[in-house]
Amino acid sequence: MELKKMIFDCLTDNLELIRKEREDNLANWRTWNSRPNKAVVVFGASAMCEICIRYLERLGIDVDIICDNNSSRFGEFVTDNGKTIKIVSVDEALSDAKEKLCFVAAGAQHFDNISGQLENYSIQETVLKWHLDFYLETVMMVCMQPTPFMDKIQELLDLYEDDESLKILWMHFKMLFHPENVPAELDVLSMEGLCVRPQYFLEGGRFLEKQRIMVDCGAYVGDTLEDLIYKTKFDNFEQYDCYEVFPPTYKELNCTVEKLPDQVKSRVHTYSVGVGENDTTISASSTELNSCILRNGDTEVRTVRLDDVYADKNVTFIKMDIEGSEQAALRGGKDMISRCRPMCAICIYHSFTAFWEVPKLLKEYVPEYKLILRHHTTYWDDSVCYAKVGEWK
C-alpha cells in the first residue's frame, strides 16, 4: 500500500478515539471554571507555561494561579487576554481548601519529581502530558478548528512526496496521538532509524554549491557553523552571517568564530539581534539551552527583518532554528526569499502548526521550491523542512 495512504488510513481509523479522548478532557477541564471552590493551577513558570496558558485561554479555560519551585520566577504573569495571574510558591498555590486541577507545564524528565512533590497536597486532578503545549495544540485542532482534522492531515501529507518525509511525519503523529492497530510497516519505524547527520547540510553538504551569503538565524554558540567547516569541509562562501539574540550565548558564538581558520574567520559576521517579522524590541526568555520570544520574557531583545538587511544582496542559504519564531522570521524575509530563492533549512518542530505553516510559506514565496523533511535526533526535536529549486537528487 502507498505509504501516504497507509498513514492517512491509520489515523482515520483512530480518529474517533483521538477525538473522544480530547473532547472528554476538554469538557472536564471547562467544568472547573463553572463551579465554586475550584481552582485551575499551572505548575511551572518556564517558557512552556506561557504557551500552554495561551492555548488554555483559547480553549475557554481560565488559569487561577501559577506555581514554581524557582523563587526568581515569582511575580505576575500577563496573558494574551490581559489577565494578570500571580506566580507563587508551590505551597502557597496548593495549600488552600479549594479543589484543584493542576496542569504540569514542564518537561517529561521532571515528571517523577513533580509527581512526588504533588503527593503532599490535596489535588483532585493532575494533567501530566508529554509536551503539554503540543497536546493542548492538538486539542484545539481536533475539537475547535473549522477545517476537519483529517483534511488538515491530508494537506500536510500532500506537501511532501518522498517516503522519508512521510515516515518522519508519521513518527510525529504516533508520538502525539498514540494510534492503535498500527500496520507493521509503520510500527517498525523509529526516530533513531530516521535520524541523519549533519543537520542543515544534508549528505555531507552534497547540495551546497558556491555560496554568496549564508544566513544562520539562531546561530547559538556557532555549532552549525562548525558543522559546516569541520564536518562537511565546506568553506566556499563569500559571507556567513550569524544572528544570536542573547548576550551570553552571543559571547560564546564569538569565541567559536575566533577559533576558526583565518581564511574563514574574515568572512564570518555575527550580530547580537534576533530575526523576526518587524524591526522592533520585544520580550524574550532564555535558558542554558535555548531562547524564545515570550510576552512575559525576562529580557528585552531587538529583532530585524531579513528583507531590510538583505534588500540588495544575494542570499543563497538560510538556516532557522529560533524556538518557534520561524514563521514570523519567514514573513519578515518574504521579498528577499522570493527574489533570491535561497536553499532553506527551517526547523518545524517547535509547534504542531509549524508543520503546515513553514512549508506553505516557503511554497507561497517560491512556487518552484521542492520540499523535503529530514530528522536529526533520536527523539522529537530537530525535524527540519528543506527547500530548494530543483530536485533533491
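Pockets, salt bridges and a long helix in a predicted model

Me: In this predicted model, about how much space lies in the second largest pocket, and which element supplies the largest share of its lining?
Reply: About 370 Å³ of space lies in the second largest pocket. Its lining is made by 18 residues, and those nearest the centre are Asp162, Lys370, Leu371, Ile372 and Trp392. Both α10 (202-205) and β16 (369-375) supply at least two residues of that lining, but the largest share, 5 residues, comes from β16.

Me: How does the lining of the second largest pocket divide by class, and how many of its residues are charged?
Reply: Among the residues nearest the centre of this pocket are Asp162 and Lys370, alongside Leu371, Ile372 and Trp392. Taken by class, the lining of the second largest pocket holds 8 nonpolar residues and no polar ones, while the number of charged residues is 10.

Me: Which classes make up the lining of the largest cavity?
Reply: The search of the whole structure finds 2 cavities of 30 Å³ or more, and the largest cavity holds about 40 Å³ of space. The residues that line the largest cavity are Tyr200, Phe201, Leu202, Phe207, Leu208, Phe317, Met343, Tyr386 and Trp392. With no polar and no charged residues in this lining, its 9 residues are nonpolar.

Me: What span does helix α1 reach from its first C-alpha to its last, and on which residue is its kink centred?
Reply: Helix α1 covers residues 3-31, which is 29 residues, and its span of 41 Å is close to the 42 Å expected at 1.5 Å a residue. The helix nevertheless has a kink of about 50°, and the residue on which that kink is centred is Asn14.

Me: Which residue forms a salt bridge with Lys4, and is that partner buried or partly exposed?
Reply: The count for this model comes to 30 salt bridges. In one of them the side chains of Lys4 and Asp158 meet, at 3.4 Å from N to O. This pair links distant parts of the chain, with Lys4 in helix α1 and Asp158 in helix α6 (residues 149-158), 154 residues apart. Lys4 counts as buried at 11% relative accessibility, whereas its partner Asp158, with a relative accessible area of 41%, is partly exposed.

Me: Which two aspartates form salt bridges with Arg305, and is Asp308 buried or partly exposed?
Reply: Arg305 forms a salt bridge with Asp307, where the closest N and O atoms are 3.5 Å apart, and another with Asp308, where the closest N and O atoms are 2.7 Å apart. Arg305 is partly exposed, having a relative accessible area of 22%, while Asp307, at 9%, is buried. Because a residue counts as buried only under 20% relative accessible area and as exposed only over 50%, Asp308, at 44%, is partly exposed.

Me: Where is Val366 placed, is it buried or exposed, and how many Å apart in space are Val366 and Val273?
Reply: Val366 sits in the loop between α17 (354-365) and β16. Its relative accessibility is 1%, and since buried means under 20%, Val366 counts as buried. Val366 and Val273 are 93 residues apart in sequence, and their C-alpha to C-alpha separation in space is 26 Å.

Note on methods. Residues are numbered from 1 along each chain as its sequence is written. This is a predicted model: local features need pLDDT of at least 70, side-chain atom pairs count only at pLDDT 80 or more; totals for chains, interfaces and linings use all residues. Side-chain values use heavy atoms; hydrogens and water are left out. Helices (H or I, at least four residues) and strands (E, at least two) are DSSP runs, numbered from the N terminus. The expected span of a helix is 1.5 Å times one less than its number of residues. The bend at a residue is the angle between axes fitted to the seven residues ending there and the seven starting there. On a 1 Å grid over the protein atoms alone, a cavity is a set of points where a 1.4 Å probe fits but cannot get out, and a pocket is an open set with protein on both sides within 12 Å along at least five of seven lines; lining residues have an atom within 4 Å of a point. Grid points are joined across faces, edges and corners, and a volume is the space filled by probe spheres set on the points. Ala, Val, Leu, Ile, Met, Phe, Trp, Tyr, Cys and Pro count as nonpolar, Asp, Glu, Lys and Arg as charged, and the others, Gly among them, as polar. A salt bridge is a side-chain nitrogen of Lys or Arg within 4 Å of a carboxyl oxygen of Asp or Glu. Buried means under 20% relative accessible area, exposed over 50%, partly exposed in between (1.4 Å probe, protein chains only).
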